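Hi,

Here is the structure I said I'd pass on. Have a look at it first, then read my notes below.

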Amino acid sequence: MKIVSLLGSPRKKGNSTQLAGIVTSTLKEKGNSVTEYFLNELVFKGCQACMACKGKSESCVVKDDLAPVLEAVKEADVIMMATPVYWGEISAQLKSFIDRTYSYLTPGFMTEEIKHRLPKGKKLVFIQSQGAPQELYADVFERYNAFFKMLNYFDETHLLRGCELNELGQAMKRDDLVTRAKEIAEKLL
Ligand SMILES: Cc1cc2nc3c(=O)[nH]c(=O)nc-3n(C[C@H](O)[C@H](O)[C@H](O)COP(=O)(O)O)c2cc1C
């Protein structure tokens, strides 16, 4: 299996990054290929709404550091998206990536059955880390997943949400989160 891990926190040792690392290291141990992109290190724009991907091109025409990431995601069996909650939302880094996946959509995606140009069978792991308790921000993944479902992006989705996390490394001390991360990795195999 090919796994592409999109790390959306600016903190390289952040909780979302570390939880993603548990999933990917479990998958690597079983011989799968993992490519990680630390989005904060890449120089890229959000979607420019140029609509080139709905006419003259089948892929995004913006040539910046995200171009190879968008190509790698096309080839991947599993996509991981890891993000902190900022102002009740995903990080700007991950949001800009998701905006650019507009380029995967076919010109007729609003009305036609075939909505995107991605190979079928992809799985999503979504990792969300937040300072607030679990009563808050359950809507974040639900909102994005509603789009992913409508667009038939993924065959399977797995959510790992870590709450009341702020300090670096805190997630690694939470047995419930570490166990859930390993369980998700096993389910993907
Ligand atoms: C700019 C900023 C905005 C934040 N906004 C929220 C928020 O709205 N709700 C929340 O629960 N935590 C918020 N936090 C806390 C982070 O979500 C929390 O520390 C998270 O675990 C960080 O993830 P990371 O360790 O992967 O970077 C915010 C932190 C920062 C720096």
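Let's start at the ligand: 17 residues surround it, and Gly14, Ser16, Pro84, Gly131 and Ala132 come nearest. Being "around" it here means that a residue's C-beta atom, placed from the backbone, lies within 6 Å of the molecule. Helix 1 gives the most to this shell, with 3 residues. By class, the shell has 6 nonpolar, 10 polar and 1 charged residues. For those classes, Ala, Val, Leu, Ile, Met, Phe, Trp, Tyr, Cys and Pro count as nonpolar, Asp, Glu, Lys and Arg as charged, and the others, Gly among them, as polar.

Two things to keep in mind as you read. This is a predicted model, so local features need pLDDT of at least 70 and side-chain atom pairs count only at pLDDT 80 or more, while totals for chains, interfaces and linings use all residues. Residues are numbered from 1 along each chain as its sequence is written.

Now the overall fold. The protein chain has 5 helices and 5 strands, in the order β-α-β-α-β-α-β-α-β-α along the sequence. (Both are DSSP runs numbered from the N terminus: helices are H or I with at least four residues, strands are E with at least two.) The radius of gyration of the protein chain, taken over C-alpha atoms, is 16 Å, close to the 16 Å that the globule rule gives for 189 residues, so the chain is as compact as a globular protein of that length. That rule is 2.2 Å times the number of residues to the power 0.38.

What about the inside? Of the 189 residues, 35% count as buried, meaning that 20 or more other C-beta atoms lie within 10 Å of their own (12 or fewer is exposed, in between is partly exposed). The largest nonpolar core has 35 residues, and Leu6, Leu19, Val23 and Met80 touch the most other members. Such a core is a set of buried Ala, Val, Leu, Ile, Met, Phe, Trp, Tyr and Cys residues joined through C-beta atoms within 7 Å. Leaving aside neighbours within four places in sequence, Val23 is in contact (C-beta atoms within 7 Å) with Met80, Val125, Ala181, Ile184 and Ala185.

Finally, two loop residues. Alanine 49 has a positive phi of about 55° although it is not a glycine, and so does tryptophan 87. Alanine 49 counts as exposed because it has 8 C-beta neighbours inside 10 Å; tryptophan 87 is exposed too, with 7.

Cheers

Definitions and conventions:
Contact = placed C-beta atoms within 7 Å.
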